[in-house]
Amino acid sequence: MILYFAGKEDGRDSSPADKRTIFSEETRQKAEQKSKEKVKAEKKKYVVVIDPGHQRKQDQSQEPIGPGAKEMKSKVSSGTSGIVSGLNEYELTLMVSKKLKKELVKRGYTVYLTRKRADVNISNAKRAKFAEKKGADIFIRIHANGSRDYAVRGALSMAPSNNNPYAARLAKQSQELSKSVLKEYCKATGMKNRGVTLTDQMSGINWAAMPVTILELGFLSNPKDDMSMKSERFQKKMAEGAANGIDRFVKK
Ligand SMILES: [Zn+2]
C-alpha cells in the first residue's frame, strides 16, 4: 500500500534538524529490531532435540550399542537418585529439560523433547533416532551423576572419541559442543567443571547422526550438588547456562 500525503510541512512540531534526529533514531531502532529478528530467524533453522535421561521404569532388554554392533546394552538403565532430596534422576532430567526447551524456544530455536512424561519406554537408540527424524542439528542428552564417594561433585559432559566405531565423523563437532555446553553451564551455575569425557560406550551417542553431547548436571550422590539441583531457581540457571553453551556452539 502506498500513502500519498497532501499536507505541507509547516515546521510547527519540530525544526528540520530535530526531524533528522528523530528519523535517524527511528531508523536505528528499526535496524536493531530487524537484526534481532534476523538472528532469531537464523536460529529457527537450528533444530535442537533434548533427551531427558531415563524414565520411571528401566528396561533391561537389550539393543545393539551402535549401528551394526554385536555388543549389546540395556535399552534404558534405572539412573540414580538424590542422596538427600530423594529426587529421581528421571524426574530431575525432565524438569531441567523442560526449562531448557523453554529457554531455547525463547531464543528462537526449534526444540523437541524425546519424552515429556516419566511413564514412557523409549530406548536410548530410539531417542537418537527420534532426533534424526526431527532433523536435529544438535542432540543434547541430560543426565545426572552418582558416585559411591559422596565427596565427588561437579558437572561433566560426554562426547564420542575420535576412534568411535559408529560416530567418529561427528566426534570433533560433538567434542566442541560438549566443551561449549559444559563451560557455559558451569559459568552460570558455579558447578565444578570436571571436563569432557570421551566415551564410545553410550548407545544414545553412538546411534546419533548429528553433533551430540551428554550433560551430566552434577552428582546426586553429593549432598551439596543434590540440594542445589533440587531448587527451581537453580534449575533455571542450569537451563540458561546450557542454552548459552548451545548459542556459543552455533555461533562457531
Ligand atoms: Zn543417567
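## Salt bridges of helix α1

Arg-28 is partly exposed, its relative accessible area being 41%. This value, like those that follow, comes from a predicted model. Glu-32 is likewise partly exposed, at 41% relative accessibility. The side chains of Arg-28 and Glu-32 meet in a salt bridge, with 3.2 Å from N to O. Both belong to helix α1 (residues 16-44), and because Arg-28 and Glu-32 are four residues apart there, about one helical turn separates them. In general, an α-helix has 3.6 residues a turn, so residues three or four places apart point the same way.

## Other salt bridges

The structure holds eleven salt bridges. In one of them, the closest N and O atoms of Arg-248 and Glu-184 are 2.8 Å apart. This pair links distant parts of the chain, since Arg-248 is in helix α7 and Glu-184 in helix α4, 64 residues apart. Arg-248 counts as partly exposed at 29% relative accessibility, whereas Glu-184 is buried at 9%.

A further salt bridge joins the side chains of Glu-103 and Arg-107, at 2.9 Å from N to O. Both Glu-103 and Arg-107 are buried. These two residues also belong to a network of salt bridges that links Glu-103, Lys-106, Arg-107 and Asp-247.

## Helix α2 and its surroundings

Helix α2 comprises 18 residues, from 89 to 106. From its first C-alpha to its last, α2 reaches 26 Å, close to the 26 Å expected at 1.5 Å a residue. Just after this helix, Gly-108 takes a positive phi of about 105 degrees.

The buried residues of α2 include the nonpolar side chains Leu-92, Leu-94, Val-96, Leu-100 and Leu-104. Glu-89, Thr-93, Ser-97, Lys-99 and Glu-103 are also among the buried residues of the helix. The cover over these buried positions includes strands β1, β4 (110-113), β5 and β8 (212-219). Helices α6 (223-230) and α7 (232-251) are also included in that cover.

## The zinc site

Which residues supply the protein donors of the zinc ion? They are His-54 through NE2, Glu-89 through OE and His-143 through ND1, lying 2.1 to 2.2 Å from the ion. In sequence, the donor residues follow the spacing H-x34-E-x53-H. The two histidines link distant parts of the chain: His-54 is in the loop between β1 (47-52) and β2 (59-64), and His-143 is in strand β5 (residues 138-145), 89 residues apart.

Both histidine donors are shielded from the surface by the accessibility criterion: His-54 is buried, with a relative accessible area of 7%, and His-143 is buried, with 9%. The third donor, Glu-89, is among the buried residues of helix α2.

## Loop residues and a surface patch

Tyr-150 is found in the loop between β5 and β6 (155-159). Its relative accessible area is 53%, and Tyr-150 is therefore exposed. Together with Ile-83, Val-84 and Met-227, Tyr-150 forms a nonpolar patch on the surface, with about 380 Å² of accessible area in total.

Is Ser-161, in the loop between β6 and α4 (171-189), buried or exposed? Ser-161 counts as buried, at 13% relative accessibility. Leaving aside residues up to four places away in sequence, Ser-161 touches Ala-168, Ala-171, Gln-175, Leu-198, Thr-199 and Asp-200.

Key. Residues are numbered from 1 along each chain as its sequence is written. This is a predicted model: local features need pLDDT of at least 70, side-chain atom pairs count only at pLDDT 80 or more; totals for chains, interfaces and linings use all residues. Side-chain values use heavy atoms; hydrogens and water are left out. Donors are N, O and S atoms within 2.8 Å of the metal (3.2 Å for Na, K and Ca); water is not among the atoms, so sites may look incomplete. Buried means under 20% relative accessible area, exposed over 50%, partly exposed in between (1.4 Å probe, protein chains only). Patches are made of residues with over 30% relative accessible area and no salt bridge: like charges are joined within 9 Å, nonpolar side chains (Val, Leu, Ile, Met, Phe, Trp, Tyr) within 5 Å. Accessible areas come from the Shrake-Rupley method with a 1.4 Å probe; for residues, only the protein chains shown count as cover. A salt bridge is a side-chain nitrogen of Lys or Arg within 4 Å of a carboxyl oxygen of Asp or Glu. Contact means heavy atoms within 4.5 Å. The expected span of a helix is 1.5 Å times one less than its number of residues.
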